[in-house]
Each structure stands twice: as structure tokens, then as C-alpha cells.
Amino acid sequence: MRLGLPVAVFLVLAVVEALTVAFVDTSIQPLDRTDSPFQVRDVAAGTVFTQRLEVRANGLNEVRLKGGMSVGGRPAVLRVQLVETDAQGATVRVVRTGRVEVAADETRCCAFRFEPVGASRWRRYRLELRVEELGGRQLSLWLAPAESDDSLTINARPRSAFLVFRTFATAGTGAGRLATAPGRRHLLVLLALIYNAGVAGALSLLATGWNPRRA
Amino acid sequence: MQLALAAAAVVLLSRMALSLAIVPPWQQPDEPIHVAIAEVWRSRITGEGTSDRGREAEIIDSMIRHHWWHHYQKPLPAGPQPIRFVSTGAVVSTIGLDPESPSYAPPYYATVGWLLSLVPRGTVERDLYVMRLVSMLCAAITLWVGFLACRLALDELGVATVTSLLAVHPQFAIASTTAGPDALVTLAGALVWWQTMQALRGTSQFRSLALLWLVSIGAAIVDRLGVALLPIALCVTIMVSATRLRPRHAVGLVVCTVVAILISVGTIPAIRGQVEFSLRAASGPSALGDLDYIRRFVAFLYTSWWYSLGWVRYQAPEWWSIVTGLVTIAASVGVVRQFFRRGGATRETIVVAAVNLIVLLAAVGVVFLRLRVGPQGRYFFPAIVPSLTLLWLGTDAWVPKRYRTAGAVALVGVVAVLDVLAWTLVALSAYT
């Protein structure tokens, strides 16, 4: 039996699994958007955004907005605060505060990195973002339309949209989540290997007309 | 050919085992009420006297321990911990009301209750997993029956392709590990498809139609979803009569069948109860005029046919759905192409498979467009084998003859990779 195809299929599946488990962070529940995202240009200094988010992994340590900033002579400054809320949106406590400085030659905006929040899974947060100083530069942020208006406010006014953003957490990837459960990790790896072998066998049989000896 | 079935069985079993290992208790749709009804039957069989025969308090306690409300994205009801499903507030209509209600047809629950009664009373989680294993067994038999049906409907390459597709279909393995009667109805649907093909390709039409009707009536008695198999059986009977029997026999058979349906719906309480319940539940005005609702209704039906997890709270990423959309659109256009290009047997297979889907769509539409609750794609699983048959035939229409094998490998490979991505990106992130 020629081993080329089954080995290749097995390896492709294993690589896809390994890469997604090791590198793809899924620490946030995706928000339901109703239409294509759009860009808000020329955000003025002093504008305050608040964005609600529910985190699905422990160790939340970064919120990265999708936006851009024109090149300028001075750094721009944004004030950021992460506030834990209850289900109704009422403040429980301020979890992290910080300042994001966008360098004069930086055109992407913005990543808010902070000390990991240990028990962030299942918790709800409100990201408060204040554009403090733009230094004569133009800030644009991406928003996506949403059905409800309880997710985002701009200058305290609710909007039927949400900021386009990603989150990262120390336990945000599959590998990070399974790091604390070695028994389960071994079981899942074993089952995944059996699965890969089964798919490799099935595709190989398809390709060879159900005759494993055919070259 | 048997090797192809064996490989598909290994794939399906490993994926169902993955589902058992990853998806926590109560995370499959309606599991709490299904387990509670089975517990009621177990208590009846063992003669256990208790005020909570459905063990609702234990199930709710277990749901809390397994973060059900977190996954459902609703707050836990305020005040003391509820001990009955009706007191769970936000989710009351979702997880069902009363496990003692006679509206739940006994055959499935009594059988599972009897199985549970064979061992000493254990935790509700253990009973849940026993029910999940029963569903897995049904799914494994569905794969085998699907294989037998494909042998009658398709050539060798088609048989292996559709069997492999069933094994790697992202939602099928997940739905097949749900503690509930759905997997049994899916098996009944596969049996109906097998006997349809037997009636169309074989020589003993009467035997096949008799078996087909027996299975359809059985499915209708087991679960409301199974009622949809009755019109499918009627359509198949008409089709077989028209194409395979002498006109006099055909008319006689169809008339007898229609009379038999009317009598059975009117007199067999189990079937009448299922039909009445479905129509009563759907007593409101239909949303047929609301085009925006219809669009969302169909879109969700479609996306959740491919993938949906945890009481439809976890969906595949958008780009993932776009890929499945492209595969489906190509196959759908290809089916039309095949229909006009090919003659005889293939055209007949396409028509019967399409009838399966149309009848299920109509049944789902009649009930759910009135309920105004989004139905899930798994309600189409009684027709999963004909659906995948269409998927293959439609894809095959675009592939030059000498590359058919490569086309089959590519189709199964793409679905397998999508499945792997759904496990790693959605299931693993939701439940670990």
C-alpha cells in the first residue's frame, strides 16, 4: 500500500489541529453583527467609548481594537480602563487602568496590554476608552452594526453597534485552556489521532478505489 | 467497499467520543427534559415512590455545577435554587415544563427508563451519559444503513463518498451524542431512505413499502419530528406506484395508503397526540408574510445544519459558514445540472432526495413559522443521507469524469478540515 496520501492527510490534519490549538486565541464570545463593519473617521479628542465584553478564558491580558491613526509629529494618548460589571451592566470594580501611547510613526490603533486578570472566565467587563490627546493626528476606529444598543456607548450615548476588537488571554488558546487538565489533554490528543487516522484511511480508500494494495 | 465503511465508522466513533469528552452534561439541546422524562419512567418501572420522579432538583443542581446558565448566557434565577424546571425563569420555555406530562410519547423514554432500571439508581449525569450512548449506537447504525442505501442509489465512488461525508459531517456527530430521541428518528429517516431505494431499485416493492411504512409510523409514535416521515412515505408510495406498478395496482395501493394514514392518525393515540401537539403548539399566525424573518429563519436553519453547539449559543465563525455556503451553492447548482444531464436512475434519486428535503422543510415551516422560534438544522437529519447524496451528486456534476476520484477526495477532505476547525475553534474554546 502506498503511504503517501494517508500520511499526508494525517499530517495536514495534525498540523491544522496543532496550529489552531496553539495559536488561535478564542477568549471572547463573538458578538452578533447585523451588517458589514464600517469605519468611524476623525474621532475627536475627548471622545469616550465604552464597550461591553464577556470573556471566555482566564488570564485576560490584552484588548486590541481595530483602528488606524495617521502619522504625525507627536505620540497620541488614550486612557483605558477595564471595569468588571454584573449582568445588568452595573459596575462591580475597576480591574485595570492604563494609558496607551501611539508612537508618532505608528499607524495601527490600539492595543491595551495589562497584567493578566486571573479569573476572567465568565466575567463581564466594560472597556472605557478616552481619546486624550491626538497630537494633530487622525484616529479612525472600526465598528460593526448590532441589533441591540446595550453594548457600546459613544460619549454616554448608546449605539446599535460595537467596536471591532480582539482579546487575548493567557488561557485563551486551546493549549492554554488544557494546560491545567493534563488527563483530559491526553484523552483529546488520543481521540484526535484516531480521528486523523480514520480520515486518512477513508480518503486513501477513496483515492485507491477501496483497494489498499493498489499503487 | 466494506473497508470504506469501516474507516467511516472509526471516524464517526472517534468524533462522537470527542463530543462525549468535550461537551459537558446538559449542553446538548433539551437534554434536561429528556433525561427527566426517562427518570420518570425508571421510577415507574422500579416502583420508586418520590415526589420528584423526574429528579428535576438533581438535574438543576447538576446544570448549575456544569455552568449551564453561563453557557446559556443568562443569569441564574434569583432567590433560592429552583427545584422544578418551571421555576427556572428565563429558560422555562426552553427546557420544557413537566416531565410527567403525557405529551411526551412513551416508547423511547420507557425503553431508556427500563435500561436505567437495570442498574441501581446512580447520578443523573450517569443516566445522561447512558442516554448519550444509546444515541451513539443509533448513529452507528445510521451510518451502516446509510451505506446500504447508498449501495442502491449510487456507484461505488458515490457510496464511499457519501458514507465518508456522513462520518465527517460537523453537526452529525454532535447531534448524535444528544441524550434524547432525535438520533432514533434520524435512524428511522435513514431506514426510510434505504427502503425507498430498495423499492425503486429492487424487485419486491410491496415488502419495501411495508417496511418503510412500519418505520415511519414507528418514528411518528416515538417523536414529533418523526411525524414528518409519514408524508415522505406517502410521496414515496405514490412515486413507486406510478413508476413500478400496474396502474390498477398503483391506484389501489395509493388509495389504501391514504385511508390507512387517515385511520392511523385518527385512531392511534400516540400519532394523533403528536400531530395535535405540533399543531396546537403552532396555533399562532404564520410568519410567512414577514420576509426578513423568513430570511433569518432559513439562514439559521442552514448554518445550524452544518454546525451549532450548546443550545445554539456557539456558532462556527463567519468565514467557516462562507466556505460551507460556497460548497452548498456549487452542489445545489450541480444537482440541477445533473438532473438535466443525467437520465433514469440518477434523476430519480435526485427527485426522491429532494422530496425528502421539501417535506421536512414544509413540516418545519408549518410548526416553527407559527411558533416564531428558530428551528435547528438537526431537524433535517432524518434526511441527512439523501442530503449528502445530493451534496455529492451536485459536486460530481462539476468534476470531469477522469478526476471524479480527486473530486470525491477533495470534498470529503474539505468537510473533514472544516470539522477539525469547528472542534478546535468552537467546541474546545467553549467547553475547556
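Okay, let's start with a pocket: the second largest one has a volume of about 680 Å³. Before I go on, keep in mind that this is a predicted model. So what's around that pocket? Its lining has 18 residues, and the ones nearest the centre are Tyr302(B), Thr328(B), Ser332(B), Leu357(B) and Leu390(B). If you're following along in the viewer, go to chain B and pick out helix 14 (291–306), helix 15 (318–341), helix 16 (344–371) and helix 17 (384–396); those are the elements that each give two or more residues to the lining. How does that lining divide by class? We get 15 nonpolar residues, three polar and no charged.

Right, on to the closed spaces. There are five cavities of 30 Å³ or more in the structure. The largest holds about 90 Å³ of space. Which residues line it? Going along chain B, they are Phe172(B), Ala175(B), Ser176(B), Thr178(B), Asp182(B), Ala183(B), Thr186(B), Leu225(B), Arg378(B) and Phe381(B). Two elements, helix 8 (170–175) and helix 9 (182–201) of chain B, give two or more residues each to that lining. Helix 9 of chain B has the largest share, with three residues. By class, we have five nonpolar, three polar and two charged residues around this cavity, whereas the pocket I opened with has no charged residues in its lining.

The second largest cavity has about 70 Å³ of space. It's lined by 13 residues, and closest to its centre are Gln28(B), Pro29(B), Gln171(B), Ser308(B) and Gln376(B). Here the split is six nonpolar, six polar and one charged.

Now let's turn to where the two chains meet. How many residues does each chain bring to the contact? Chain B brings 42 and chain A brings 33. Together they bury about 3,400 Å², and carbon and sulfur atoms give 72% of that. If you want some residues to click on over in chain B, try Val420(B), Ser429(B) and Thr432(B): these lose the most area to chain A, and together they make up 16% of what that side buries.

What about salt bridges between chain B and chain A? The count there is zero. Polar contacts are another story: 11 residue pairs make them across the two chains, counting pairs with both residues at pLDDT 80 or more. On the side of chain B that touches chain A, the elements giving two or more residues are helix 1 (2–22), helix 4 (68–72), helix 7 (156–168) and helix 18 (404–431). Helix 18 of chain B gives the most, with 16 residues. And by class, that side of chain B has 25 nonpolar, 12 polar and five charged residues.

Last topic, and it's salt bridges again. Over all chains, the count comes to 34. As a reminder, side chains of opposite charge can pair when their charged atoms come close. One to look at is in chain A, where the side chains of Arg113(A) and Glu62(A) meet at 3.3 Å, N to O. Where do these two sit along the chain? Arg113(A) is in strand 7 (residues 111–117) of chain A and Glu62(A) is in strand 3 (residues 60–65) of chain A, so to speak two distant parts of the chain, 51 residues apart.

That's my tour; happy to pull any of it up on the screen.

Technical notes:
Residues are numbered from 1 along each chain as its sequence is written. Chains are lettered from A and ligands numbered from 1 in the order in which they are written. Side-chain values use heavy atoms; hydrogens and water are left out. On a 1 Å grid over the protein atoms alone, a cavity is a set of points where a 1.4 Å probe fits but cannot get out, and a pocket is an open set with protein on both sides within 12 Å along at least five of seven lines; lining residues have an atom within 4 Å of a point. Grid points are joined across faces, edges and corners, and a volume is the space filled by probe spheres set on the points. Helices (H or I, at least four residues) and strands (E, at least two) are DSSP runs, numbered from the N terminus. Ala, Val, Leu, Ile, Met, Phe, Trp, Tyr, Cys and Pro count as nonpolar, Asp, Glu, Lys and Arg as charged, and the others, Gly among them, as polar. Contact means heavy atoms within 4.5 Å. Buried area is the accessible area (1.4 Å probe) that two parts lose on being put together, summed over both. A salt bridge is a side-chain nitrogen of Lys or Arg within 4 Å of a carboxyl oxygen of Asp or Glu. A polar contact is a pair of N or O atoms within 3.5 Å; within protein, one must be able to donate a hydrogen and the other to accept it, and residues adjacent in sequence count only if both atoms are side-chain atoms.
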